[in-house]
Amino acid sequence: MIQDSTPNSGAEAAAAAAAGGALPAGSTGKLEQGYARMEETVRARRPGEDFAALRRAFEFACEKHAKQRRDSGEPYMAHPLAVAQVLAEMQMDLVCLQTGLLHDTLEDTAATGEEIRRLFGEDVARCVNGVTKLSKINLHNREDRQAESVRKMLLAMVEDIRVIIVKLADRLHNLRTLESLSRERQERIAAETIELYAPIAHRLGMGKLRGELEDLGFEYLDPEAWRETRAEIESRRLASEHGLEEIRATVERKLAEEHIPARVYARIKRPWSVYQKLRKQRISIDQVYDLMGVRIITDSVKNCYAALGVIHNEWHPIPGRIKDFIAIPRPNLYQSLHTSVMGPSGASFEVQIRTEEMHRVAEEGIAAHWKYKEGRRGPAEDDQRIAWLRQLVEWQREMRDPSDFMSSLKVDLYPEEVYCFTPKGRVVVLPRDATPVDFAYSIHTDVGHTCTGAKVNGRMVPLKHALRNGDIVEILTQNGGQPSRDWLTFVKTARARNKIRHVINATEREKAIELGQKVLEREARRLGVALSRVSRQQMEAVAAEYGCGKIEDLQAALGWGKFSARQVLSKLAPSEVAPEEPAQEAPAAQERDRGGDGKDYVIQVKGLDDLLTYRAKCCNPIRGEPIVGYITRGKGVAVHSKNCPNVQNLLYEAERRIEVEWARGAGQSFNVRLVVHTDDRAGMLNQLTQILFNEDINIRSVEAHADEKNFDSAVVEMTIEVRDKKQLERIVSVMRRLSGVRDIERVH
């Protein structure tokens, strides 16, 4: 359950229950029908389960959720029941099914963990607790609560993988019933699904579930792009259906002639996958080679390769499009042969070939291998699909800051697609565009720290070189070497990023502590305060006032410039030092904080009015975007967009972060640079500028040229002035609807 998708979650649910609202007439009967359907599904697939225990969980959940409603108006219990139905169709065990029925009781009702443990056992109590969010803990903001809830869920996953399987089923049903929520909540839930839950499903090999999560999320995240992509797919499906059926029949006939047993059926690429390919490669849908295709399911690995030979003998393969995931499986254990060939009419199509077992693993992933009757909670220690999670849980102990944890997690969930080799032939799997530095840290932390150079296929390459499939990588090291901060701008793996940051932060913190001590001593001498008379207990008490756990934390904050030495001394020796008067803002600060004409504040630090702020040039945030401030000693507070690459790459220490916000009142415009990828045709530039004219947008510069990478496309680069994020989104949305526009990106 996502808290935002329920009308009466937490305290609101309790209030609704206290109000004494009864279930609408007929609701009990519908719930009973739903339970009967779910139980029937379980009986057909797992006839040996304890159905009395399953019934008890259903009745307990019904009692606890009795007075609650969803936003759609239906009884709240319909949601846990639907989650259990999804789990039943996945053939999950009794503990998983009971958890599905009970998963919202701790969060949204008066039920307690001890009560669930007593009635349903330790395993169910642990899983329900693992799925429950930390909504009742008073953390700083919604983002921090989300981060800590995800951290808790991942920790629970390591102990019992059923936690995430229930969570994914929960998220799936919430997406299926998202239409009754507000647009803002739909977008937030859809974005979280695509950024977090769909990638987790991918890493666990659950292809079928991942596909539905992505497509449903896409539908609510960008409805217009979803409709356009669906329409383009459907138009080509209708045009290609006859030809594809002929190809399928030909494949069946040819395989039968070679005595290769197989099931052959058509496969159509999902809308989200198509949209991602169009956007990333900036191509038209006619250039998507794997839009349509056939899937061959046979009985053995030997016949997979034999079927590949039959396909290549009948149609010409497209160079560079043959992928063997049987010999080298993906990290989530996905196995299949992929090839793209030129069809009889000159149209290309993709063929995927796998065994029945490979197909089951590709669709169900980690859920396909569970044997809970044997008492297993999760995968074996060496299961590759969970190894990344074990590593992540180890690394997260070093990440105290919630936003750092979420940024690192999203990077680590990136699909792994590059297969490289050590000089001795060991396979190393890395994310797309990973570098030799990522490779070095994947071998060993010390190899990464002391890395000074790299050879790829026998040739020296820069450390930022993007690795490709099949590369043989040799890392050159030097004793005493140290990682560089610059590495954070190009490494791709969470492991490399966290190890580099750990070393750099430790060094930077030592410098900040030393500088903080000197600053405090210098100011004390100037004001005539004898620090020798200040006890350690007094220092610790003042540090606590500033939210610092230790004296060293306070000294580091002084070193960064987060507080002034006079402020600290006024608390240590109030009789000798008067509190610091709020500083008047300097004209230079006014010019930076305000528009060029100095009329209004743009950004301010929460709770403070005497800190100089300026928008960072690397991302140039505009009004309405989520922002974060970082103290830069001697320069003030640099304000970045939360989506800034430098923030996402964790280039800044958490200790330097400070809360900032957009000030009220507007009047200033912001320069934004857009790059529009379009069809190369006459009149396109005129149509784009006409849109800007209609929106009363000032164009600072514009340049158009042919795209060197795609012969039939063009690139339009423009710098425009916008008032805020909403205006920019509206302009981009109108431009995207223009026929011939392939992609629009904002350049930071």
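Okay, so helices and strands here are DSSP runs, H or I of at least four residues for a helix and E of at least two for a strand, numbered from the N terminus. On that basis the protein chain has 28 helices and 20 strands. Before going on: this is a predicted model, with local features needing pLDDT of at least 70, side-chain atom pairs counting only at pLDDT 80 or more, and totals for chains, interfaces and linings using all residues. Residues are numbered from 1 along each chain as its sequence is written, and side-chain values use heavy atoms, leaving out hydrogens and water.

Let's take the whole chain to start with. Of its 748 residues, 50% are buried; buried is under 20% relative accessible area, exposed is over 50%, and partly exposed is in between, with a 1.4 Å probe and protein chains only. The accessible surface comes to about 35,100 Å², by the Shrake-Rupley method with a 1.4 Å probe, where for residues only the protein chains shown count as cover. Carbon and sulfur atoms own 49% of that surface. Then contacts, meaning heavy atoms within 4.5 Å: among those between residues at least 6 apart in sequence, 67% join residues at least 24 apart.

Now, helix H3. How does the span of H3 compare with 1.5 Å a residue? The expected span is 1.5 Å times one less than the number of residues, so the 14 residues of H3 should span 20 Å, and the end C-alpha atoms are indeed 20 Å apart. Its buried residues are Phe51, Ala53, Leu54, Ala57, Phe58, Phe60 and Ala61. As a general point, an α-helix has 3.6 residues a turn, so residues three or four places apart point the same way. At the start of H3, a side-chain oxygen of Asp50 comes to within 3.2 Å of the backbone nitrogen of Ala52.

H3 also brings us to salt bridges, where a side-chain nitrogen of Lys or Arg is within 4 Å of a carboxyl oxygen of Asp or Glu. Searching the whole structure turns up 43 of them. One is between Glu115 and Lys64, at 3.5 Å from N to O. That pair ties together distant parts of the chain, with Lys64 in H3 (residues 51-64) and Glu115 in H7 (residues 113-120), 51 residues apart. Glu115 is buried at 19%, while Lys64 is partly exposed at 22%.

Another bridge joins Arg46 to Glu49, at 2.8 Å from N to O. Buried or exposed, for Arg46? Arg46 is buried, with a relative accessible area of 13%, and Glu49 is buried too, at 16%.

Over in H16, residues 356-364, Glu357 and Arg360 are three residues apart, so about one helical turn separates them. Their closest N and O atoms are 3.2 Å apart, in a salt bridge. Glu357 is partly exposed at 38%, and so is Arg360 at 33%. There's a network as well: salt bridges link Asp93, Asp123, Arg126, Asp160 and Arg162.

Last, the cysteines. How many disulfides does the structure hold? Zero, taking a disulfide as a pair of cysteine sulfur atoms within 2.5 Å. For Cys96, the nearest cysteine sulfur belongs to Cys127, 6.8 Å away. Cys96 is buried, at 0% relative accessible area. Cys619 is in no disulfide either, and the sulfur of Cys644, its nearest, is 3.8 Å away. Cys619 counts as buried too, at 2%.

Definitions and conventions
A polar contact is a pair of N or O atoms within 3.5 Å; within protein, one must be able to donate a hydrogen and the other to accept it, and residues adjacent in sequence count only if both atoms are side-chain atoms.
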